[in-house]
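Got your viewer open? Let's take a walk through this one together, one selection at a time.

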Amino acid sequence: MKKNITTADGKLGILIPGLGAVATTMIAGVIAVNKELSKPIGALTQMGNIRLGKRTENRYPLIKDFVPLAGLNDIVFGGWDIYTDNVFEAAMNSKVLEPVLLHALKPELELIKPMKAVFDESYIKNITGTNIKNAASKMELAKELMMDMELFQKNNGCSRLVIIWCGSTEKYIEVSEVHETIEAFEEGLRQDDPAIAPSMIYAYAAVKMGIPFANGAPNLSIDIPALESLAKITATPIAGKDFKTGQTLMKTILAPGLHARALGVRGWFSTNILGNRDGLVLDDPENFKTKEVSKLSVLDDIFQPELNPDLYGDIYHKVRINYYPPHGDNKESWDNIDIFGWLGYGMQIKINFLCRDSILAAPIVLDLALFMDLAKRAGMSGIQEWLSFYFKSPQTAPELRPEHDIFKQLIKLQNTLRHMMGEDLITHLGLDYYEHEAQTL
Ligand SMILES: NC(=O)c1ccc[n+]([C@@H]2O[C@H](COP(=O)([O-])OP(=O)(O)OC[C@H]3O[C@@H](n4cnc5c(N)ncnc54)[C@H](O)[C@@H]3O)[C@@H](O)[C@H]2O)c1
């Protein structure tokens with residue numbers, strides 16, 4: 001049965017903590033698309049099709065024509081950053097998009113100015129800024145953020161908001177007592193508990209207001225029991241964490257293939273060089289640790305070594321990120337994969353991906369914003385596991401193992417859309433195509 005989904009009337013405000021390389025590439029991209037200067041390549045919501053019904057029915061609409069998403073012309077952008085640069089300046093500094101393109105968008109981009117950020121240098125050491133809020137406690141900071149959200153919505157005439165964290169990666173912390181319940185968390189906000197990271201303050205403010213919140217970085221942020229239960233209370237969709245781009249995207253494309261053919265893996269060595277501000281932040285070991293944990297989890301969950309010890313029981317998996325300024329946002333990654341086949345004979349695969357980090361991440365931010373808004377209008381709340389497709393460390397219910405296989409993630413996403421719209425789910429069984437033949441023989 002079709003879900004009751006309210007229409008996408010009016011403007012959708014996309015608010016972003018962290019107006020750096022990824023965020024500005026996404027914003028400039030959407031404006032360029034609206035001006036018909038370019039195409040939204042890589043955004044499933046805009047370019048992807050979905051099969052409906054049987055293969056014989058030949059129904060493959062575009063996703064944006066199938067589900068009621070906000071139109072790109074109905075989006076208003078805003079955000080927070082520790083720097084005062086407007087989005088035009090920040091995009092120029094990020095050096096991802098060509099200056100010629102950015103100059104063509106300058107009037108729109110320079111209007112988007114960052115609001116004052118909630119920042120704590122103990123969570124990110126390698127950058128400092130001046131555009132930072134000052135308040136008596138973390139609770140007061142959260143209240144200021146809620147006021148920012150309310151004012152933004154009012155001043156821009158938005159009917160709805162979504163928030164996508166595109167801020168720098170915070171230092172590694174684990175879930176502790178203050179993150180367990182909403183009562184402990186709110187008391188922690190009042191008492192300035194050092195275990196509450198800035199990204200959690202944004203997440204709390206959003207969820208408290210019922211605004212969908214997705215986290216593109218590997219830090220915990222919304223991925224704590226306290227905020228998960230608040231999201232259920234306020235009927236807010238949440239999702240995370242860490243956009244799946246570059247090397248991990250390749251890993252979750254290739255590893256399911258090796259696993260599918262029962263090929264063994266002895267080792268997977270992954271190294272990266274990148275020179276953008278993200279690389280600078282990750283140059284600090286405490287921040288790198290957050291990214292490392294996120295990147296390492298992928299293979300274990302795809303190969304499940306405990307189920308297949310002969311094939312995957314002894315994998316040596318290493319991930320390195322090196323800050324190398326001359327490459328800027330053009331991240332280069334190398335993977336050496338030692339695999340083995342029939343009777344244990346060894347083989348090697350080498351991947352050298354010369355990617356553009358923010359070019360891969362920007363469409364993810366857009367898709368997440370549009371799908372999170374859809375989820376909210378469809379009355380879905382709490383963890384949106386069907387959006388795992390976009391994340392390196394998909395957030396799931398505590399008792400569930402995350403699904404990392406990108407193909408299963410896509411099937412889950414598409415079936416969720418079919419389910420929302422009252423279409424038959426597709427199992428790929430396909431026996432019914434042959435049943436008629438058998439009966440007539
Ligand atoms: N580019 C990718 O492919 C990719 C993939 C996965 C995850 N990510 C994550 O996305 C995030 C953004 O990446 P990027 O390349 O745009 O980095 P960036 O350094 O260009 O931008 C991050 C911005 O966040 C701002 N910031 C930091 N703390 C803040 C706070 N508390 N409040 C508001 N603003 C804050 C910084 O000043 C900076 O402008 C990073 O955490 C990165 O790890 C990126």
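Here is a tour that goes from the whole chain to the ligand, then the core, then a few odd spots in the backbone.

**Stop 1: the whole thing.** Keep in mind that this is a predicted model. Show the cartoon, and you'll have 17 helices and 11 strands to look at. The radius of gyration is 22 Å, close to the 22 Å that the globule rule gives for 441 residues, so the protein is as compact as a globular protein of that length. Along the principal axes, the C-alpha atoms fill a box of roughly 75 × 50 × 45 Å. Buried residues make up 45% of the 441.

**Stop 2: around the ligand.** Now select the ligand and its surroundings. Which of the 36 residues around the ligand come nearest? They are Gly18, Gly20, Val22, Ala217 and Arg277. Next, colour the elements that give two or more residues to this shell: helix H1 (21-34), strand E2 (75-81), helix H12 (277-282) and helix H15 (357-377). H15 gives the most, with four residues. Colouring by residue type splits the shell into 19 nonpolar, 12 polar and five charged. Try colouring by domain too: domain 1 (11-243 + 358-420) and domain 2 (248-354) each supply at least three residues of the shell.

**Stop 3: the core.** Stay with H15, because it turns up again here: H15 gives 12 residues to the largest nonpolar core, the most of any element. That core has 106 residues, and Ile164, Ile201, Leu227, Val365 and Leu368 touch the most other members. Pick Ile164: leaving aside its neighbours within four places in sequence, Ile164 is in contact with Ile14, Ile16, Ala214, Gly216, Val365, Leu368 and Ala369. Apart from the largest core lies another core, of 11 residues. To find this other core, select Leu258, Leu299, Ile302 and Phe303, which are among its members.

**Stop 4: backbone oddities.** Most residues other than glycine have a negative phi, and most peptide bonds are trans. Where can you see exceptions?

- Go to Asp192, in the loop between helix H8 (182-190) and helix H9 (198-208). Asp192 has a positive phi of about 60°, and is partly exposed, with 14 other C-beta atoms within 10 Å.
- Move on to Ala235, in the loop between helix H10 (225-233) and E6. Its phi is positive as well, at about 55°, and Ala235 is partly exposed, with 13 other C-beta atoms within 10 Å.
- Finish at Lys241, in the loop between strand E6 (237-239) and helix H11 (246-260). The peptide bond from Gly240 to Lys241 is cis, with omega near -15°.

Key
Residues are numbered from 1 along each chain as its sequence is written. This is a predicted model: local features need pLDDT of at least 70, side-chain atom pairs count only at pLDDT 80 or more; totals for chains, interfaces and linings use all residues. A residue is near a molecule or strand if its C-beta atom, placed from the backbone, lies within 6 Å of it. Ala, Val, Leu, Ile, Met, Phe, Trp, Tyr, Cys and Pro count as nonpolar, Asp, Glu, Lys and Arg as charged, and the others, Gly among them, as polar. Domain bounds come from an automatic or database domain assignment. A nonpolar core is a set of buried Ala, Val, Leu, Ile, Met, Phe, Trp, Tyr and Cys residues joined through C-beta atoms within 7 Å. A residue is buried if 20 or more other C-beta atoms lie within 10 Å of its own, exposed if 12 or fewer, and partly exposed in between; C-beta atoms are placed from the backbone. Two residues are in contact if their C-beta atoms, placed from the backbone, lie within 7 Å. The radius of gyration is taken over C-alpha atoms; the globule rule is 2.2 Å times the number of residues to the power 0.38.
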